[in-house]
Amino acid sequence: MTLRQAQDGAPSEPPADPDASAKDKALGWLRDHAFGLAIANLIANIGIVVTGAVVRLTGSGLGCPTWPKCTEESYVTHEALGINGVIEFGNRLLTYVLAAIAILVVVAVWKRGGTVRTLAIIIACGVPLQGVIGGITVLTQLNPYVVALHLLASMGMVGLCVWLLDDLRSPRRAAAPRSVRIAAIVTFVLGWLTLWLGTVVTGSGPHSGDLDSRRTGLDPQLMSHIHAYAVYALVAATLVTLWLGRKHAYVRRVTIVLLVIELAQGLIGWVQYLTDLPVVLVGFHMLGAALISAGIARVVCSVRARSV
Ligand code: HEM
């Protein structure tokens, strides 16, 4: 009690807890920056697709020959494993960065509850799960089907991050008419078919991630053409969505963005096919694939109603 309070006879306030206010401030900051953190979440999940590409395209898939340890004796890479060990181990470490961002997002949106909270939790749980699938790719000596699952799971994470962003902040709108909604869903499904077929092409082609790992045994040229046919169907479905949704500003905007990514990605796909898969182009093709996953998720989100 201060001298003044003693003189006034006022009841004394409990002393402020400096720790509690620092915690409240930190929580307030996180809540205020929930959208920015969710963008960081998306960028990190796209980023790890690209660093994963670097692992595969530099032949570093077994740079750390085992999992969860890097070698039988150590959790970290060492000199004898050379640059491949550094690249693979570096990619493993990125999982912690992704986990940290995902946890911050969960904390930031916790109070909002509902779908936003559920999505943030699923994404945060997806990070260690992806770490485990990544570990299984190593333990199965880069089995092409497991490698494909690992990439497709990342594509799914990217889509979830976009859904979360759309729930956090996107224009108020009425649901698009049924025909537009169906066209958007068909676009989404064809997008996923294209992504999956792309992983089959990769699993049949030369960039396995390690010289000795097994391939699917399918003809890479034939699979490339089947993959490209799915792309044509995807582009056609996107054009139909654009045409049907032309009067809905938001649908129109996000569908045009998707179309531009598809055309750029298709061009990279053909050029890499015709030039014997130079690693830099394949890396850009993987970045493009992650952007396609984001784009199809955004289109499918854009056709639903948003009142808040
Ligand atoms: C929207 C368009 C496209 C998408 C979303 C897409 C997606 C993908 C994905 C996800 C992969 C697998 C990457 C990996 O597993 O590491 C891939 C690989 C591949 N894509 Fe595409 N792709 C598209 C267009 C094309 C086109 C038009 C061609 C032309 C033939 C093409 C040729 C290839 C080839 C040759 C590979 C194998 C690369 C390798 O062996 O590393 N892609 N694509």
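This report describes the fold, the ligand shell, the two domains and several local features of one chain.

**Overall fold**

The model is predicted. The chain holds ten helices and zero strands. Read along the sequence, the pattern is α-α-α-α-α-α-α-α-α-α. The C-alpha atoms fill a box of roughly 90 × 60 × 25 Å along the principal axes. Of the 308 residues, 37% count as buried. Contacts with a separation of 6 or more were also sorted by distance in sequence: residues 24 or more positions apart account for 75% of them.

**Two domains**

The chain is divided into domain 1, residues 20-169, and domain 2, residues 173-308. Their centres, taken over C-alpha atoms, are separated by 22 Å. The contact takes 27 residues from domain 1 and 25 residues from domain 2. On the domain 1 side, H3 and H6 are the elements that give two or more residues. H6 supplies the largest share of that side, with twelve residues. By type, the domain 1 side divides into 20 nonpolar, five polar and two charged residues.

**The ligand shell**

The ligand is surrounded by 27 residues. The closest are Gly-198, Thr-202, Gly-205, Gly-269 and Ala-289. Four helices give two or more residues to this shell: H7 (178-204), H8 (220-244), H9 (249-274) and H10 (279-302). H9 gives the largest share, seven residues. The shell divides into 13 nonpolar residues, 13 polar residues and one charged residue.

**Helices H4 and H5**

Does H5 have the length of a regular helix, or what length does it have? H5 covers residues 114-139, and its end C-alpha atoms are 38 Å apart. Its 26 residues should span 38 Å at 1.5 Å a residue, so the two values agree. H5 also bends by about 25° at Val-127. A proline, Pro-128, follows within four residues of that point.The buried residues of H5 include Val-116, Leu-119, Ile-123, Val-127, Gln-130 and Val-138. Gly-126 and Gly-134 are also among them. The buried residues of H5 pack against three helices: H3 (34-57), H4 (82-109) and H6 (144-168). Just after H5, Gln-141 takes a positive phi of about 55°.

H4 has 28 residues. From its first C-alpha to its last, H4 reaches 42 Å, close to the 40 Å expected at 1.5 Å a residue. Among the buried residues of H4 are Gly-85, Ile-87, Glu-88, Asn-91 and Arg-92. Leu-98, Ile-101, Ala-102, Val-105, Ala-108 and Val-109 of H4 are buried as well.

**The loop between H3 and H4**

Cys-64 is found in the loop between H3 and H4. Is Cys-64 buried or exposed? It has 27 C-beta neighbours inside 10 Å, so Cys-64 counts as buried; the cut-off is 20 or more. The C-alpha atoms of Cys-64 and Gly-85 are separated by 5.3 Å, although the two residues are 21 residues apart along the chain. Gly-85 is one of the buried residues of H4.

Leaving aside neighbours within four places in sequence, Cys-64 is in contact with Cys-70, Thr-71, Thr-77 and Leu-81, among others. Its contacts also include Gly-85, Glu-88, Phe-89 and Arg-92. Val-138 is another contact of Cys-64, and Val-138 is a buried residue of H5.

Pro-68 lies in this loop too. A cis peptide bond joins Trp-67 and Pro-68, with omega about 5°.

**The loop between H9 and H10**

Asp-276 has its place in the loop between H9 and H10. Leu-277 is found there as well. Each has a positive phi in a residue other than glycine. The table sets out their values.

| Residue | Phi | C-beta neighbours inside 10 Å | Class |
|---|---|---|---|
| Asp-276 | near 60° | 8 | exposed |
| Leu-277 | near 55° | 18 | partly exposed |

Why do the two classes come out this way? Asp-276 has 8 C-beta neighbours inside 10 Å, so it counts as exposed; 12 or fewer is the cut-off. Leu-277 has 18 C-beta neighbours inside 10 Å and therefore counts as partly exposed. The helices on either side of this loop, H9 and H10, both give two or more residues to the shell around the ligand.

How values were computed: Residues are numbered from 1 along each chain as its sequence is written. This is a predicted model: local features need pLDDT of at least 70, side-chain atom pairs count only at pLDDT 80 or more; totals for chains, interfaces and linings use all residues. Two residues are in contact if their C-beta atoms, placed from the backbone, lie within 7 Å. A residue is near a molecule or strand if its C-beta atom, placed from the backbone, lies within 6 Å of it. Ala, Val, Leu, Ile, Met, Phe, Trp, Tyr, Cys and Pro count as nonpolar, Asp, Glu, Lys and Arg as charged, and the others, Gly among them, as polar. The expected span of a helix is 1.5 Å times one less than its number of residues. The bend at a residue is the angle between axes fitted to the seven residues ending there and the seven starting there. Domain bounds come from an automatic or database domain assignment.
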